[in-house]
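This report describes a predicted model. Please look at the sequence and the structure before reading on.

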Amino acid sequence: MECIYKKPATLDPKGKSGFCPGCTYGTVVKLIAEVVEELDIRERTMLPMGVGCAVSARDWVDFDSMMSLHGRTTASGLGYKRVHPEGVTIILQGDGDAVAIGMAESVHTANRGEPVTVILVNNQIYGRTGGQMAPTTLIGQKSTTSVAGKRVEDAGYPIHMAELIATLKTPRFVARGSVHNVKEILKTKELIKKAVRIQMEENAYSFVEIVTACTTNLGIPTSEVPSYIEDVVLKEFKTGVIKDESNLN
Amino acid sequence: MAKKVLMQGNVAAAEAAIRAGLNLYAGYPITPQTTLTEYMSWRLPEAGGQFIQAECEPAAINMVLGASVGGARALTATSGPGFSLMQEGISAMCGGKLPGVIINVMRSGAGGGSIVSSQADYNLAVKSAGHGGLRSLVLAPYSVQEFVDMVYNSFDLAEKYNNPVVILADGMIGQMHEPVIIPEFKTGTDARLKARGPGEKGRPKRVFKDTVSVPALVEKEYDAACAKYDLWQKEAVEYEDMLTEDAEYLIIAFGSAARISSGAVKALREEGVKIGMVRPKTLYPFPKERIKAIDKNQVKAVLTVEMARPVMFYDDVALYLDRDIPHYSCTRAGGVIITPDEVEEAVRKIL
Ligand SMILES: Cc1ncc(C[n+]2csc(CCOP(=O)(O)OP(=O)(O)O)c2C)c(N)n1
Ligand SMILES: [Mg+2]
């Protein structure tokens with residue numbers, strides 16, 4: 001019989017996903033693991049993880065990983081990559097990590113063209129700390145620090161990080177994907193794979209933002225998450241390739 | 001024997017780091033450290049290492065952290081405000097048991113402060129490596145040669161104890177020129193780097209954590225850290241005695257305050273005053289046994305000299321000094337450099 005779907009060997013069979021039931025963050029981690037397996041780079045891969053829900057990947061993936069201080073994930077990740085240029089560094093960050101406290105590191109890592117791949121998981125909230133407002137929180141969205149809904153007057157508009165990174169000249173590849181249905185999952189996997197190949201084959205910087213939603217903190221039933229992402233979140237954060245200057249097809 | 005060359009402290013220290021097998025330097029310009037970063041920017045790539053002008057000090061220390069996770073010999077250098085910004089990263093390196101070297105070319109003043117030398121970061125460097133209460137190994141050079149030697153050996157020390165090393169220099173040591181012997185390139189310094197690279201197929205994964213999350217396990221980590229610090233107290237303490245055998249008066253000072261005080265000691269000796277100096281080279285571990293050994297039957301008074309107000313170093317000396325020995329202090333602060341005459345004057349008052 002032909003095997004058409006399996007768990008990647010780069011996920012530890014004894015490990016477990018630490019994500020909340022119904023959260024699609026785990027899908028992002030699984031896609032990364034699949035790409036690592038398919039490109040046959042398990043021993044070369046390092047996964048720096050931002051403080052936040054990203055650390056739930058730690059005991060699940062079966063390749064190297066490192067915890068980072070909040071916002072410094074690109075800095076520590078590129079420090080590792082600089083001394084192991086033959087390695088493949090896939091940096092997993094939340095929106096608070098990359099867009100708030102680590103904005104400077106995000107921009108300068110991209111601008112210097114450090115040969116790393118940044119996977120930014122945009123869940124529009126500080127998930128791990130219990131649902132505070134993030135720079136990506138939607139206008140009107142309630143959080144524990146915007147209890148009446150986020151207002152432009154207080155906090156400005158949501159920051160579109162992928163578009164912001166794409167304004168820089170150096171980044172080779174910038175895209176945004178989503179994982180709320182099978183079609184989008186498959187597309188997003190291709191984005192991740194291309195981004196990682198650009199790091200490996202062109203020694204260049206690549207960036208993929210992936211939209212998820214925090215079921216736990218939004219307080220919406222998990223069954224409604226896909227339609228919430230489709231009808232609300234993706235209206236603000238459009239998916240697709242924003243910039244592609246690579247020579248890969 | 002190797003030839004002496006005239007070099008600036010910061011530049012000589014940078015060259016010493018490179019010869020110690022430095023793989024990566026990340027730093028952000030700040031007076032009086034800047035000449036070190038400038039020199040590194042061209043010299044380290046020439047020697048085959050990675051130089052990064054970081055976007056800020058938190059980025060710099062975390063680049064060092066990441067490089068150290070990868071087994072590299074990594075260094076950053078900064079001064080006061082930048083050293084404050086690096087505390088979180090140094091804390092994480094202590095927690096993650098990562099070697100690495102941080103040079104603080106101390107300047108003076110709070111906030112932006114001033115760019116002139118002081119010793120006001122003593123407590124910040126010695127009492128706790130950022131939050132969490134772990135400790136860095138802290139070394140204090142008093143000459144350009146000692147700056148070179150400490151930097152040259154600091155990576156071995158950091159790797160021996162899996163711990164960051166802070167070199168607490170200051171603007172005077174960093175910016176003055178002195179004749180120095182620059183040591184040869186070390187060989188075989190990349191074993192750790194090689195062991196943490198991609199490696200053979202199917203090897204177990206490596207996970208770097210700067211902390212564990214269960215309190216009982218964290219407490220165990222602290223107990224292990226305490227055992228390590230006790231070991232340092234046994235085997236890593238360094239200090240220098242100058243004319244102490246028959247001394248009835250003692251100066252205790254470190255770094256440039258000790259250097260300046262050595263002039264006063266010599267002048268007073270010429271007049272027949274039986275004075276000597278004890279100079280800690282390691283500030284953490286602190287040479288407490290040496291201080292405890294100061295004998296009240298021989299020593300009539302002790303003078304601690306430091307460039308900080310309120311005193312910091314004095315307090316640590318006081319903790320271990322026999323209570324029956326009168327203990328005085330002589331300080332300048334804010335970037336005002338203490339002079340040998342002032343030290344001499346302070347000694348005369350207690351004779
Ligand atoms: C310097 C610092 N400030 C604050 C925190 C607390 N903190 C931990 S995770 C986090 C927010 C995480 O949000 P995000 O990056 O979006 O990740 P998510 O959990 O949503 O995936 C905060 C504020 C910290 N660990 N360190
Ligand atoms: Mg988030």
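The text below covers a sheet that has strands from two chains, and then the interface between those chains.

**The sheet**

Eight strands make up an open sheet with mixed pairing, in the order β7(A)-β5(A)-β6(A)-β4(A)-β3(A)-β1(A)-β2(A)-β10(B). Strands β7 (240-244) of chain A and β10 (207-208) of chain B are at the edges; each has a single partner strand, so one side of each has no neighbour in the sheet. Helix α3 (residues 57-69) of chain B packs on the sheet, where it touches β1 (45-49) and β2 (64-67) of chain A as well as β10 of chain B. The direction of this helix makes about 150° with that of β2(A).

Two of the strand pairings are set out here.

| Strands | Sense | Bridges | A bridge pair |
|---|---|---|---|
| β3(A) and β4(A) | parallel | five | A:Gln93 and A:Leu120 |
| β2(A) and β10(B) | parallel | two | A:Ser65 and B:Val207 |

**The interface**

In total, 31 residues of chain A contact 38 residues of chain B. The area buried between the two chains is about 2,700 Å², and carbon and sulfur atoms give 57% of that area. A:Glu43, A:Leu69 and A:Arg82 supply 23% of what chain A buries against chain B, more than any other three residues.

There are five salt bridges between chain A and chain B. One of them joins the side chains of B:Arg206 and A:Asp64 (3.5 Å, N to O). Polar contacts across the interface link 17 residue pairs. On the side of chain A that touches chain B, β2, α2 (73-83) and α4 (103-111) each supply at least two residues. The most comes from α2(A), with seven residues. By class, this side of chain A has twelve nonpolar, six polar and 13 charged residues.

Conventions:
Residues numbered from 1 in each chain as written. Chains lettered and ligands numbered in written order. Predicted model: local features only at pLDDT ≥ 70, side-chain atom pairs only at ≥ 80, totals over all residues. Heavy atoms only, no water. Pairing = 2+ DSSP bridges. Helix = DSSP H or I, 4+ residues; strand = E, 2+ residues; numbered from the N terminus. Contact = heavy atoms within 4.5 Å. Axes fitted to C-alpha atoms, helices over the stretch in contact; angles between N-to-C directions. Buried area = accessible area lost by both parts, 1.4 Å probe. Salt bridge = Lys/Arg side-chain N within 4 Å of Asp/Glu carboxyl O. Polar contact = N/O pair within 3.5 Å; in protein donor to acceptor, adjacent residues only side chain to side chain. Nonpolar A, V, L, I, M, F, W, Y, C, P; charged D, E, K, R; others polar.
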